[in-house]
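This report describes the arrangement of helices, sheets and a few loop residues in one protein model. The sequence and structure are shown first, and the description follows from there.

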Amino acid sequence: MAKQFQAIRGMNDILPSESSLWQHLEATVRDVLAAYGYHEIRLPIVEKTELFARSIGEVTDIVEKEMYTFDDRNGESLTLRPEGTAGCLRACIEHGLLHNQTQRLWYAGPMFRYEKPQKGRYRQFHQVGAEAYGMPGPDIDAELICLSARLWRRLGIDRVTLQLNSLGSSAARAAYRERLVAYFEARQQELDQDSQHRLHANPLRILDSKNPTMQAVIAEAPSLLDHLDPESRAHFESLQDLLGAAGIAYEINPRLVRGLDYYCKTVFEWVTDTLGAQGTICAGGRYDGLIEQLGGQANGGIGFAMGLERLVAMLAAANQSGIDTNPHAFLIMVGETAQRRGLGLVERLRDELPALRLRMNCSGGNFKTQFRRADHSGARFALVLGEDEINAGTIAIKPLRETQGEQITLPQDQAGAWLRTAVLGTVA
Ligand code: ATP
Ligand code: MG
């Protein structure tokens, strides 16, 4: 039968079989962020279109062709957020969180970009982002990088490398930009259509092109790192020194420019070779000018965002999907009295053992049916209440996975203590 409704292309359901891995990832991320003193900020999914146009930049892939933009009923242009930095800064400026103070913040949630859906690239995807405001030095850059490195260690993710670059000050970048335009103009016939279009509007982005036919002309382009202003150079050197001291390995990639306009000085990406073409799992950088540009007090800012779909894919490939969410026990009840008393019994067990995962048979059925359900549930033990047990005030406990021994029968009020040792491995 043809399904009448389908999810929007590029927007995924996260099914129950996948959600435990997501929860494991999210909980680990939250733990690490909390350990570094970052506080969560929760932000709307919709913002004024103008906010993204002004912060991300008019001539970027996101603003030119990837935003979900619509007019609301008042004719105001709104956009589903394509990233989190703009909204986070908007909120901080609006609520005065940047006046003579620093902030370490994080956010999580869905982002929306109208891209070509493929493995690791979706139209609704999820990010966790961290942002730090009011700290102009390279120490906070190093902290954020160490934080992300720790997260990979905690998740058991290896085979990621850190790529690092500096984009310099906006003045230095403007000078470099002129050199770059002159260089690309001289080799204009080698540029693809996208790059022709970017040549005058946003020439740095040409360096970011993934088109194989462009790689030669990009490789020979003047390097941004040769054009850094002294302050940015010192910042970059000092960052490298700090990373070295913290034992963080990195590669300098002078072609790393990042797709958004607001970056300056430090930019970085964590890249893996295990996910095919969509190999960047985390990306970020410094955006010192952006706060002022959005109407706030001049203030340093730096942040990164990681793509949760790509991280989940890495965890799944590393075979970490074995997070056990099956019930510990499944209650089988046969007979009217057993069904009536069973609910009271499982509720008392839940009071006694809040960590116990206990499933109760619903919709009746004979022993055979209920045992089949118990088995399907993946539970380790069946708790059985039949007429005999009701009459004797007992409960039978039958191991469902072979290696766990014989069936036993206990007084009902001892079932909790037994399960505590057998299942949770603790003694009352
Ligand atoms: P890419 O070069 O892969 O398009 P980007 O530079 O556009 O990434 P950012 O805006 O820096 O990405 O977002 C940070 C991270 O969010 C990326 O490194 C990636 O892990 C994830 N991400 C970005 N776009 C998508 C998407 N469409 N689907 C899934 N994950 C995404
Ligand atoms: Mg992109």
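Ser363 counts as exposed, since its relative accessibility is 71%, and this residue of the predicted model sits in the loop that runs between strand E13 and helix H13 (367-377). Although Ser363 is not a glycine, its phi is positive, at about 70°. A second residue of this kind is Arg159, a residue other than glycine whose phi is positive and near 55°. Arg159 belongs to the loop between helix H5 (138-155) and strand E7, and with a relative accessible area of 53% it is exposed. As background, most residues other than glycine have a negative phi. A positive phi of about 65° is also found at Gly96, just after helix H4.

**The five-stranded sheet**

Strand E13, which precedes the loop of Ser363, is part of an open sheet of five strands, ordered E13-E12-E14-E15-E16 and mixed in its pairing. The edges are taken by strand E13 (358-360) and strand E16 (408-411), and because each has a single partner strand, one side of each is left without a neighbour in the sheet. From one strand to the next, the twist averages 25°.

Strand E14 (residues 381-385) and E15 run antiparallel and are joined by four bridges, and within this pair Ala382 stands opposite Lys398 of E15. On the E16 side, strand E15 (residues 394-399) again pairs in the antiparallel sense, over four bridges. There Thr394 has Pro411 of E16 as its bridge partner, while Ile397 is partnered by Ile408 of E16. Is E15 mostly covered or mostly open? Five of its six residues are buried, so that by the cut-off of under 20% relative accessible area the strand is mostly covered.

**The eight-stranded sheet**

A further open sheet has eight strands in the order E1-E5-E6-E11-E10-E9-E7-E8, and its pairing is mixed. Strand E1 (39-40) and strand E8 (251-252) stand at its edges, and since each has a single partner strand, one side of each lacks a neighbour in the sheet. Inside this order, E6 and strand E11 (residues 301-307) pair in the antiparallel sense through seven bridges, with Gly129 opposite Ala305 of E11. Helix H9 (residues 230-245) lies across strand E7 (160-166), E8, strand E9 (264-272) and strand E10 (280-286), and it runs at about 155° to E7.

**Two helix pairs**

Two packed helices are described by the angle between their axes and the distance between the axes. The table sets out these values for two pairs.

| Helix pair | Axis angle | Axis distance |
|---|---|---|
| H2 (residues 49-56) and H4 (residues 85-94) | roughly 105° | within 9 Å |
| H1 (residues 16-35) and H11 (residues 308-317) | about 110° | 10 Å |

With its axis crossing that of H4 at roughly 105°, H2 is roughly perpendicular to H4. On the H2 side the contact is made by Leu51, Phe52 and Ser55, and on the H4 side by Ala86, Gly87 and Arg90. By class, this contact consists of three nonpolar, two polar and one charged residues.

For the other pair, the angle of about 110° between H1 and H11 makes H1 roughly perpendicular to H11, and the crossing of the two is right-handed. Leu21, Trp22, His24, Leu25 and Glu26 of H1 meet Leu308, Glu309, Leu311, Val312, Leu315 and Ala316 of H11. The residues of the contact between H1 and H11 divide into eight nonpolar, one polar and two charged.

**What covers helix H4**

Which residues of H4 are buried? They are Thr85, Ala86, Gly87, Cys88, Leu89, Ala91 and Cys92, and with seven of its ten residues buried, H4 is mostly covered. Of these buried residues, Ala86 and Gly87 also take part in the contact with H2. The elements that cover the buried residues of H4 include H2, strand E2 (46-48), strand E5 (103-112), strand E6 (124-133) and helix H10 (290-293). Two of these elements, E5 and E6, are strands of the eight-stranded sheet, and E6 is the strand that pairs with E11 in the antiparallel sense.

Definitions and conventions. Residues numbered from 1 in each chain as written. Chains lettered and ligands numbered in written order. Predicted model: local features only at pLDDT ≥ 70, side-chain atom pairs only at ≥ 80, totals over all residues. Heavy atoms only, no water. Axes fitted to C-alpha atoms, helices over the stretch in contact; angles between N-to-C directions. Parallel < 35°, antiparallel > 145°, perpendicular 65-115°, else oblique. Contact = heavy atoms within 4.5 Å. Nonpolar A, V, L, I, M, F, W, Y, C, P; charged D, E, K, R; others polar. Left-handed = near helix turned anticlockwise from the far one by under 90°. Pairing = 2+ DSSP bridges. Buried < 20%, exposed > 50% of the residue type's maximum accessible area, 1.4 Å probe, protein only.
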